[in-house]
6 protein chains.
Amino acid sequence: MRLLVANANTTEAITQACADAARAAAAPGTEIIPATPRFGPAVISSRAENVIAGHALLELLAEHAGQVDAVLLAVSHDTALDAARQMMPCPVVGMTEAACLVGCMAGGRFGLVTFGGVETYRELVGRHGVSSRLAGVAGVDATPPEAVADPEGVGAKVLAAVESLAAQGADSVVLAGAALAGFDRRLRARAPVALLDGMACGVRMAELLVALQLPKPRSGSYAALSGRSGIELSPALAAMLRGGQ
Amino acid sequence: MRLLVANANTTEAITQACADAARAAAAPGTEIIPATPRFGPAVISSRAENVIAGHALLELLAEHAGQVDAVLLAVSHDTALDAARQMMPCPVVGMTEAACLVGCMAGGRFGLVTFGGVETYRELVGRHGVSSRLAGVAGVDATPPEAVADPEGVGAKVLAAVESLAAQGADSVVLAGAALAGFDRRLRARAPVALLDGMACGVRMAELLVALQLPKPRSGSYAALSGRSGIELSPALAAMLRGGQ
Amino acid sequence: MRLLVANANTTEAITQACADAARAAAAPGTEIIPATPRFGPAVISSRAENVIAGHALLELLAEHAGQVDAVLLAVSHDTALDAARQMMPCPVVGMTEAACLVGCMAGGRFGLVTFGGVETYRELVGRHGVSSRLAGVAGVDATPPEAVADPEGVGAKVLAAVESLAAQGADSVVLAGAALAGFDRRLRARAPVALLDGMACGVRMAELLVALQLPKPRSGSYAALSGRSGIELSPALAAMLRGGQ
Amino acid sequence: MRLLVANANTTEAITQACADAARAAAAPGTEIIPATPRFGPAVISSRAENVIAGHALLELLAEHAGQVDAVLLAVSHDTALDAARQMMPCPVVGMTEAACLVGCMAGGRFGLVTFGGVETYRELVGRHGVSSRLAGVAGVDATPPEAVADPEGVGAKVLAAVESLAAQGADSVVLAGAALAGFDRRLRARAPVALLDGMACGVRMAELLVALQLPKPRSGSYAALSGRSGIELSPALAAMLRGGQ
Amino acid sequence: MRLLVANANTTEAITQACADAARAAAAPGTEIIPATPRFGPAVISSRAENVIAGHALLELLAEHAGQVDAVLLAVSHDTALDAARQMMPCPVVGMTEAACLVGCMAGGRFGLVTFGGVETYRELVGRHGVSSRLAGVAGVDATPPEAVADPEGVGAKVLAAVESLAAQGADSVVLAGAALAGFDRRLRARAPVALLDGMACGVRMAELLVALQLPKPRSGSYAALSGRSGIELSPALAAMLRGGQ
Amino acid sequence: MRLLVANANTTEAITQACADAARAAAAPGTEIIPATPRFGPAVISSRAENVIAGHALLELLAEHAGQVDAVLLAVSHDTALDAARQMMPCPVVGMTEAACLVGCMAGGRFGLVTFGGVETYRELVGRHGVSSRLAGVAGVDATPPEAVADPEGVGAKVLAAVESLAAQGADSVVLAGAALAGFDRRLRARAPVALLDGMACGVRMAELLVALQLPKPRSGSYAALSGRSGIELSPALAAMLRGGQ
């Protein structure tokens, strides 16, 4: 199967890192197609950037519609997930969504660790409808550059956050944000509970959805687009709105 | 005060209708500045269009930042509301948000009527955090053109939906969607409960927020943007991301 | 418009302070009519006092029914709000209710600070149906006399509570209780998020509801009273129960 | 033990009917002390009347404080329950509260049937915190006089409502409102699930609480009143506010 | 009345301690019938043991069906409560369930203290549908043997937990777990709020349900078993599944 | 990988049907190991049977611990899921749990169809923490024998239920219960939304969890059992309680 790993940031290095992680996690036979949007924020870390990136992501996805078997949104904010799911003819998975659902099968409640602000992640878990399974969110006081420069020091902070969440009742912990990629392997031996990496969970969830061969809904708010139009849209995106494919 | 009435659809006629409604609802001294996005869907009626329009709306707002005292999102989906609220230096209100909050002060629970699908409005009320105040949502089987061609017939359907929601416990009913504009006045004498028009509620809420002169948060996920960057963004939007104004 | 600012405490000085705050917050053209109940607790600070004051408040309101355009309940417990809303022919707003709804438009979640016990305020926010928008409540260890005697010291405590709530995710903070009046202006420059004063929010919400000219519900539990009777009630209150006005 | 059966309506006949029901339900050794308020609505059937009756009820209770072992609020609205519970030195139970808690032990979810409007009962169950155990509420289209004049016809309507709630998942049904008294015995043989009478459940819950001899909380919002004052209150009520007994 | 006090652990000493506590709490005329399962865990302290004990408990109950007037599950996990309630022809009460419902009548919110892990108790309160009435759960760092060896030291830890929960808003505290039996009497004079003992609450709730003489539901998921079969079940349990008694 | 497909009913034919379904759904390389309990109900259709089957299932699982890579509980009630997840050293998945989580990725909300009573499934979805994603449950009036005898007639009823749930907002529908096996393929072409088969979803989720190689939690209520004991347990189950493997 062909899996589109669609970054919502325009930083190519993040796309490549996500693609590497996806390839490492994928089953044999899964081809990873990395993609980066034409426009938008370098790195999403605000509500406004997330909205801009949503459009960029849909434009990017529209170009691959019909050519891939599934899409993994390679962005921890699960940017524009519901819209992408409606628009595309194939399954679409968000990496944090996937990690949260795996967390639901890894015990009773899960925690979530990220760098910096936690409110948007708390809201995201709420939008996924699994707030009652969330033991807590923890914002580690560190930046992506620090994570690169001092992986041991930052790793200690992440581990402390994980231990605190486990003490609050988390049976597993989602690591949210590209900067936390790799910390699951690094801290695995020392963490009291499983660390859930969004890329790994997401790749496997996408494979699962492809295997199940679920038909697209023909009614409701996730049915395929048809007869919609707009102005100044990319040709591929405009075609998706018109529908008929 | 100067109130930007920002449509998220690119249909200029809707912008003008919203501007007229806003002017009719505004207090003396409120200047209505209508605005239409440069790109995007003609009329939002799907999840995908709503995401595209979010970017278009932010681009539009960025051009007016610093030149208006408040923003009313003239779109019943409250498109990109949280992002707009973060990005702009002035208050931002969503028209359905405003109507729901007025509904909270008009009795115990409110209902919501729209044309067509109801799921995205149910979710929207949930995102506003007032689901427990929602008595029900009703989708009237009619289209905007029908509402123009047969206002009496469609009005009868809307009234039936309002009466059904009142019987379910609604003490007021939000009319959601541009196509329902004007039905509040038309049905007012016959409806058992108050009909809430998003434009009227939104204009007054924007005036209220301006009057209160609340400072912008300096911490958290609604603090002003600063030091963010992206590619292929409009100059005004790029400037907002950079911050400093 | 004529706005009844109805205290639910029998302490005249609080009524005057509230009236002053209301006048400072009101739009030009809004006449503030202060009123104090004939009987009841000096200052409500318990569940029992709040119930007694509910009756006193309804009696007070009944005397002004038909002579005012709106009512603002000048008591942070929003005493008897639902009953007043049902009974009166005009809009009725609670000051904490108003502040909470403004908090919903000021960011994602809001906090609430009060002197002393917090449980009744937590319940109040729940009855308003916006618990999911509440980041936390904080009870400052101070008394109203201390707030008068040592505004700087108490202000520092309030500021610390506000900062703690902001760190928990509050994008604004409601100041609840007459003794906290004025602290919004005093701490505004130092607080990381907006401080919401119930009187200011309430006056503006009352003006908004008057401007919207919403009809009273003709069905349901907020419809006007009719044909009800009782014994040993004040003439005005008895008249309201009988209805027909 | 001495159990105060406190009506919140001023209709003496209701008090007597409640007292009879209480005596029929009570354990040997429980003395029923019926009491009717000095003032207030004849029969509570609106939000405003319920607030007025709250004061009347507290005044009534204050006169019996220290002379009874427990209080049962003989009013299906559980009027002023939290305030009474705070004020009195002995246990206080609401009749609908008691029936709902029994419903929690009679199966998975319970329903509630009343005459007329259902919204205030839905809110009441919510305030008791057991909404997730509520299968539904049904308002029977009948009046108390009709129930007296045509018990068979009205009984058939009540039975139909009970059957409908059972089909929605109710394993028991609370009969709410004095006018439904006796219908539990009348319909018992024909109803598919248990019918819960508030007076019977309430009397037994009050006996249970007396037997458990729980101390009154010394902290929090249910601790005894102390040092509170007011004007134009009955001597007994003023004494309760002052505390010290 | 005859009350079966059914332990779900196979440790006879716990059964005897529970029986003693039940006798101390029971009304005159209530005969306590203690019972211990034929098989199963010595002491339940894990999810797996709780499931095994569920079967053991049903087998035990089946042997007493028709010979007792009510059942109290003498196990703080309320093991197999819903199944026992369905299966038995008489009322069945869980001891923690009973304590939580009493907590609902003892103030606004209640807390819960146990030894060790708290997650399963948090879930249990959620299954009872009263999570919104739960102020918090606290796990005391102590073991049953320590409680026997050093009651003063462990009592101090329990008291500290109770005080902490009261500060979080608890108006009463449930003591959960056999090892905490007796601490309610020991700490009663020093605790700021009522301590709720599951055995005492449960015995009284069982007596209450017997007094109310509620019929068993004839429809729904709690109706009597009929026509069910299985293999390798105890004769009594097999008979219960077949139904007809 | 070796996947234990563990029936909780003792009807061997159901085990075989589940095994066939599992094999049809499994990826190449997944070996299906079917297993039937030694004792317990023939077919679980009540709360009591579900509890008995929980013990039988744990006994069955204990015999395979260490010899399989994952477990799929082949019973639509997800019997003893949390206990099995704690006890086993490998991943454990419930078939309805898996279908619900897939439903979360197939759109906004999902529905659930079963034969007969719906309350226990409604509760099950609640225990999985995804009630807010549930559009509704529908109980089809049909029995397993009827489904075999008249697949067309019963299929029409199932389709009607699916269409009704889609109209209520379901974007996919879980088919719950062994008797509904195969209806997803039969109705697929006619259903407006995807039909989710628990066995197919469960097999793929089990494969996913094995691929992710998550470590078992070392803390909390899902950590491996250790040092627990009981009487009259099967040797394998007793060994699991003792732990150490």
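The following exchange asks how chain F and chain A of this predicted model are related and how they meet.

This is a predicted model, in which local features need pLDDT of at least 70 and side-chain atom pairs count only at pLDDT 80 or more, while totals for chains, interfaces and linings use all residues. Residues are numbered from 1 along each chain as its sequence is written, chains are lettered from A and ligands numbered from 1 in the order in which they are written, and side-chain values use heavy atoms, with hydrogens and water left out.

Me: What makes chain F and chain A copies related as by a two-fold rotation axis?
Reply: When the chains are superposed by least squares on the C-alpha atoms of residues with pLDDT of at least 70 in both, a rotation of 180 degrees with 0.0 Å of shift along its axis brings chain F onto chain A, with an RMSD of 0.0 Å. The two copies are therefore related as by a two-fold rotation axis, and in chain F the C-alpha nearest that axis belongs to Val130(F), 2.9 Å away.

Me: How do you know that the copies meet through the same surface?
Reply: Contact means heavy atoms within 4.5 Å, and by that rule 44 residues of chain F touch 44 residues of chain A. Because 100% of the interface residues of chain F are also interface residues in chain A, the copies meet through the same surface.

Me: Why are chain B and chain E not said to be in contact?
Reply: Contact requires heavy atoms within 4.5 Å, and chain B and chain E do not touch, their nearest C-alpha atoms being 14 Å apart.
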